[in-house]
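User: I am new to reading structures and would like to work through one step by step. Please show me the sequence and the model first.

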Amino acid sequence: MTGPEQLARPKAIGYVRVSTNRQAENGYSLEAQSEQIRDAKLEGWRLVGLDGTDSNTISQLTAHARLLVAEEERELISKRTKQGLIKARQAGKSLGKPSTIKPEVVARIVKLHSQGHGTKAIAKALTESEVTAPAGGAWSYSTVRRALERAGVA
């Protein structure tokens, strides 16, 4: 669409979020929320809640309070996630994608590092001795560095 029709079309930013499976099952799925946002008839700037509240009909104080509560909730979720990851690490749980480097290759990398070789030199030595890199092809110094970090050496 071009011309005046395009200019008259309002722009909107939608925020959709589901915290629990129960919310998704009770009609508040991400898809349902997105549909409600697309169907909303908006002119200019407004804050519209899916529960029917609208910044045109509620006070500015209420609108700002809702925004602050949403921001605080985001921060709390982030803090709880970080705390959970710390506790999992302290409990010895392995996080992230497991290494695909064979243990004997990791031992060789650690040995070369302990002999004073840098990550680039180790990568070159592994490539030249035809040790298969995790992604195939040549070894990179960053892959060697990550192997050393996982081994607790770097």
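User: Is Lys 124 buried or exposed?
Analyst: This is a predicted model, in which local features need pLDDT of at least 70 and side-chain atom pairs count only at pLDDT 80 or more, while totals for chains, interfaces and linings use all residues. Residues are numbered from 1 along each chain as its sequence is written, and side-chain values use heavy atoms, with hydrogens and water left out. A residue is buried under 20% relative accessible area, exposed over 50% and partly exposed in between (1.4 Å probe, protein chains only). Lys 124 has a relative accessible area of 53%, so the class that applies is exposed.

User: Which side chain meets Lys 124 in a salt bridge?
Analyst: Side chains of opposite charge can pair when their charged atoms come close. A salt bridge is counted when a side-chain nitrogen of Lys or Arg is within 4 Å of a carboxyl oxygen of Asp or Glu. For Lys 124 the N to O distance is 4.0 Å, and the partner is Glu 128.

User: How many residues apart are Glu 128 and Lys 124 in helix H6?
Analyst: Helices are DSSP runs of H or I with at least four residues, strands are runs of E with at least two, and both are numbered from the N terminus. Helix H6 covers residues 119-128, and Glu 128 in it is exposed because its relative accessibility is 57%. Glu 128 and Lys 124 are separated by about one helical turn because their spacing in residues is four.

User: With which residue does Arg 145 form a salt bridge?
Analyst: Arg 145 lies in helix H7 (residues 141-150), and its partner sits four residues away in H7, about one turn of the helix. With 35% relative accessible area, Arg 145 is partly exposed, and the partner, at 45%, is partly exposed as well. The closest N and O atoms are 3.9 Å apart, and the partner is Glu 149.

User: How many salt bridges does the count come to by this rule?
Analyst: One pair joins Glu 128 to Lys 124. Another joins Arg 145 to Glu 149. By the rule above, the count of salt bridges comes to two.

User: Which residues does Thr 143 touch, not counting residues up to four places away in sequence?
Analyst: Thr 143 is found in helix H7, and its relative accessible area of 15% is the reason why it counts as buried. A contact means heavy atoms within 4.5 Å. Leaving out residues up to four places away in sequence, Thr 143 touches Ile 101 and Pro 134.

User: Which helices are included in what covers the buried residues of H7?
Analyst: Besides Thr 143, the buried residues of H7 include Ser 142, Val 144, Ala 147 and Leu 148. On the H5 side, Ile 109, Val 110 and His 113 meet Val 144, Ala 147 and Leu 148 in H7. What covers the buried residues of H7 includes H5 and H6.

User: Is H5 roughly parallel or roughly perpendicular to H7?
Analyst: Two packed helices are described by the angle between their axes and the distance between the axes. The axes are lines fitted to C-alpha atoms, for helices over the stretch in contact, with angles from 0 to 180 degrees between N-to-C directions; under 35 degrees counts as roughly parallel, over 145 as roughly antiparallel, 65 to 115 as roughly perpendicular and the rest as oblique. H5 and H7 pack at about 95 degrees, with their axes 10 Å apart. That angle means that H5, relative to H7, is roughly perpendicular.

User: At roughly how many degrees do the axes of helix H5 and H6 cross?
Analyst: In this contact Arg 108, Ile 109, Leu 112 and His 113 of H5 meet Ile 122, Ala 125 and Leu 126 of H6. The contact residues divide into five nonpolar (Ala, Val, Leu, Ile, Met, Phe, Trp, Tyr, Cys and Pro), one charged (Asp, Glu, Lys and Arg) and one polar (the others, Gly among them). Helix H5 covers residues 103-114, its axis comes within 10 Å of that of H6, and the crossing angle is roughly 135 degrees.

User: How far apart are the C-alpha atoms of Pro 98 and Arg 150?
Analyst: Pro 98 has its place in the loop between helix H4 (60-90) and H5, and its relative accessibility of 60% is why it counts as exposed. Along the chain, Pro 98 and Arg 150 are 52 residues apart. In space their C-alpha atoms are separated by 9.8 Å.
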